Amino acid sequence: MVQGGGKEVSMTFDEAVETLKQNFEKAKTYDYVNQPLSWALYHTWKESEREEEYERCVVCGRMTNVKRKDRVGKRRFYVEGAGQLCKNCWERIYK
Ligand SMILES: [Zn+2]
């Protein structure tokens, strides 16, 4: 599910299944898609790939918009010794 203007994404297994269903329904409405299930699986998989690519907040567990491969030094909302925080938790703790 996309929250906060598409910046934070977190997907549980149930959400992944839900995304797959939604993609499948969507795919069936597209004339150019010959195999709706394949299309849906592909697009759901792309979502999970995104999941792997980004850090999760160490406080609330939500997806941040910080990539895992980003160097710690240039990250925002990163707490040394703790890890990556999301903007919400950071603001709650540091403001
Ligand atoms: Zn958080």
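Tyr-42 counts as exposed, because it has 12 C-beta neighbours inside 10 Å. By the criterion used here, a residue is exposed if 12 or fewer other C-beta atoms lie within 10 Å of its own, buried if 20 or more do, and partly exposed in between, with C-beta atoms placed from the backbone. Tyr-42 belongs to helix α2, and its C-alpha atom is separated by 9.1 Å from that of Leu-20, 22 residues apart along the chain.

Before going further, I should say that this is a predicted model, in which local features need pLDDT of at least 70, side-chain atom pairs count only at pLDDT 80 or more, and totals for chains, interfaces and linings use all residues. Residues are numbered from 1 along each chain as its sequence is written.

Next, the overall architecture. The protein chain has three helices and six strands, in the order β-β-α-α-β-β-β-β-α from the N terminus. These elements are DSSP runs numbered from the N terminus: helices are H or I with at least four residues, and strands are E with at least two. Of the 95 residues in the chain, 15% are buried. Among contacts between residues at least 6 apart in sequence, 41% join residues at least 24 apart; a contact requires C-beta atoms, placed from the backbone, to lie within 7 Å.

I turn to confidence. pLDDT is the predictor's confidence in each residue, from 0 to 100. The chain has a mean pLDDT of 85, and 89% of its residues reach 70 or more. Among the elements, strand β1 (residues 2-3) has the lowest mean, 46, and strand β6 (residues 83-84) the highest, 94. Over residues 1-8 the pLDDT is below 50, and this stretch has 10 contacts in the model beyond near neighbours in sequence. Where pLDDT is low, the predicted coordinates should not be read in detail.

How do helices α1 and α2 pack? The axes of α1 (residues 13-29) and α2 (residues 36-53) come within 8 Å and cross at roughly 140 degrees. That makes α1 oblique to α2, since angles under 35 degrees count as roughly parallel, over 145 as roughly antiparallel, 65 to 115 as roughly perpendicular and the rest as oblique. Axes are lines fitted to C-alpha atoms, for helices over the stretch in contact, with angles from 0 to 180 degrees between N-to-C directions. In α1, the contacting residues include Leu-20, Phe-24 and Lys-28, while those in α2 include Trp-39, His-43 and Glu-47. The residues of this contact divide into nine nonpolar, five polar and two charged. Here Ala, Val, Leu, Ile, Met, Phe, Trp, Tyr, Cys and Pro count as nonpolar, Asp, Glu, Lys and Arg as charged, and the others, Gly among them, as polar.

Finally, the loop between β4 and β5. Is Phe-77, in this loop, buried or exposed? Phe-77 counts as buried, because it has 20 C-beta neighbours inside 10 Å. Its phi is near 60 degrees, a positive value in a residue other than glycine. Most residues other than glycine have a negative phi. Arg-76, found in the loop between β4 (63-67) and β5 (78-79), is exposed, with 12 other C-beta atoms within 10 Å.

Note on methods. Two residues are in contact if their C-beta atoms, placed from the backbone, lie within 7 Å.
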